[in-house]
Amino acid sequence: MSMRVLIVDDEPSILAAMTPLLRSRGYDVTLVHNITDINDKIYKAAPGASAELAERATQWYLEDTDALGLGRPDHLPRATEMVPQIVRFISQLIERGFAYHVQGDVYFRITRYPEYGRLSGQRPDQLLDEEEEPNPLKEDPRDFALWKANKPDEDTWWDSPWGRGRPGWHIECSVMAEKHLGPEFEIHGGGLDLVFPHHENELAQSRALGHGFAHIWTHNGLLRFGGEKMSKSVGNVVSLREALDRWGREALLVFFLSGHWRKPLDYTDETMAAARAQWTDFVASVYDPSEERPARGWEALAEALEDDFNTPEALAILHEWRAAGQLELMKRGLSVFGLEIERVEPPAEVNVFKEARDAARAERNFEAADDNRARIEEHGWTVRDRPDGSVLVPKP
């Protein structure tokens with residue numbers, strides 16, 4: 001069984017996490033992640049050096065997402081590599097009456113596409129992209145840009161039948177998707193904030209040419225900071241790199257599992273500390289396992305994930321296996337989400353400190369015991385006490 005899946009707009013979505021599950025269930029998945037390195041925000045941020053900034057930002061993004069340890073998509077197309085194909089796509093829309101050009105700009109004529117607004121569930125007369133540049137020469141204020149004429153302060157441009165310029169954001173993603181997945185594919189993903197205008201416009205321009213485009217749309221909830229959407233304008237943005245450096249990839253992945261993909265997820269010190277504590281418990285169970293007892297089997301996890309990818313329920317099942325001493329099931333389940341636990345032996349000097357601490361505790365010399373605990377932790381380990389002694393566990 002083959003499945004073609006698209007992630008767009010420079011953000012990992014739930015589809016990246018779903019891919020290992022789909023493959024484990026027998027699907028031959030092709031995962032594509034578009035990189036829109038032609039972008040109005042880049043032009044505004046770096047006039048005169050936009051191409052250089054776009055390349056640097058792309059590399060930052062790839063380095064940071066690589067650090068999550070989930071692998072890369074099968075294809076990572078860039079808009080800058082697809083301009084000739086984009087120009088041909090726009091030309092076809094003009095030829096069929098779905099687009100028009102005025103003074104170097106090209107716009108999609110939404111009145112020619114009667115299903116416009118269906119994806120976002122709104123009436124076409126209510127749909128106006130506030131970020132779309134106004135132009136009195138448009139036939140309709142709601143028409144969106146497919147090609148933008150080069151402005152005097154913009155240093156990056158391409159030739160086209162309509163003059164020098166660059167493609168609009170929406171057309172980039174349609175063309176990149178169809179390059180690798182064909183004119184019709186199974187799933188299209190992205191953030192909930194992209195339903196309109198971005199995904200609405202992608203769908204309109206592709207189906208205007210008779211392309212089936214995506215059958216299923218998955219829109220994930222947004223990451224919030226203390227109950228508010230993360231936003232650069234508000235100043236409450238935490239970068240992926242900052243989160244990785246502070247909490248580690250394992251705690252971050254557990255954090256993502258804790259919320260349902262359709263709903264918002266709050267990033268706070270408290271939620272991240274809780275996620276790290278959960279990961280610590282998983283690791284500790286390998287070194288200090290509970291007595292094995294019956295628990296639900298593997299199909300319980302599979303059923304949770306096949307029920308709208310219910311990761312909170314999956315996480316609860318993983319903890320059930322941990323508490324029941326079902327370590328092989330637990331480790332197998334964690335690996336589905338890119339989380340691996342391999343038992344390693346502590347260095348010899350750490351064992352020496354542990355023995356010294358155990359002896360000090362037996363003599364009720366708690367000051368010496370605390371000193372040895374501190375030395376153990378300096379080496380990246382911690383010690384857990386139990387009725388029959390103590391166990392060394394690596395620190396998260």
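Here is a walk through two sheets and a helix pair in this structure, which is a predicted model.

Let's start with the four-stranded sheet. Its strands line up in the order E3-E4-E5-E6, the sheet is open, and the pairing is antiparallel. Look at the two ends of that order: E3 (99–102) and E6 (165–167) are the edge strands, and each has a single partner strand, so one side of each has no neighbour in the sheet. Going from one strand to the next, the twist averages 20°.

Zoom in on the E3 end. E3 and E4 (residues 105–108) run antiparallel and are joined by four bridges. If you want a spot to centre your viewer on, try His101, which sits opposite Val106 in E4. Now bring in helix H4 (residues 83–95), which packs on this sheet and touches E3, E4, E5 (144–149) and E6. The direction of H4 makes about 125° with that of E5.

Next stop, the second sheet. This one is built from three strands in the order E10-E9-E11; it is open too, but the pairing is mixed. E10 (228–229) and E11 (265–267) take the edges here, and because each has a single partner strand, one side of each is left without a neighbour in the sheet. E9 (residues 223–225) pairs with E11 in the parallel sense, over three bridges. Within that pairing, Arg224 stands opposite Asp266 in E11.

On to the helices. Two packed helices are described by the angle between their axes and the distance between the axes. For H9 (residues 269–287) and H11 (residues 311–323), the axes come within 10 Å and cross at roughly 35°. The crossing of H9 and H11 is left-handed. Who is doing the touching? H9 brings Gln278, Asp281, Phe282 and Ser285, while H11 brings Leu315, Leu318, His319 and Arg322. Sorted by class, the contact of H9 with H11 comes out as three nonpolar, three polar and two charged residues.

One of those residues deserves a closer look: Ser285, in helix H9. Is Ser285 buried or exposed? Its relative accessible area is 5%, and buried means under 20%, so Ser285 counts as buried. The side chain of Ser285 reaches the backbone oxygen of Phe282 at 2.6 Å. Leaving out residues up to four places away in sequence, Ser285 touches Arg322, Leu327 and Met330. Arg322 is also one of the H11 residues in the helix contact.

Conventions: Residues numbered from 1 in each chain as written. Predicted model: local features only at pLDDT ≥ 70, side-chain atom pairs only at ≥ 80, totals over all residues. Heavy atoms only, no water. Pairing = 2+ DSSP bridges. Axes fitted to C-alpha atoms, helices over the stretch in contact; angles between N-to-C directions. Contact = heavy atoms within 4.5 Å. Left-handed = near helix turned anticlockwise from the far one by under 90°. Nonpolar A, V, L, I, M, F, W, Y, C, P; charged D, E, K, R; others polar. Buried < 20%, exposed > 50% of the residue type's maximum accessible area, 1.4 Å probe, protein only. Polar contact = N/O pair within 3.5 Å; in protein donor to acceptor, adjacent residues only side chain to side chain.
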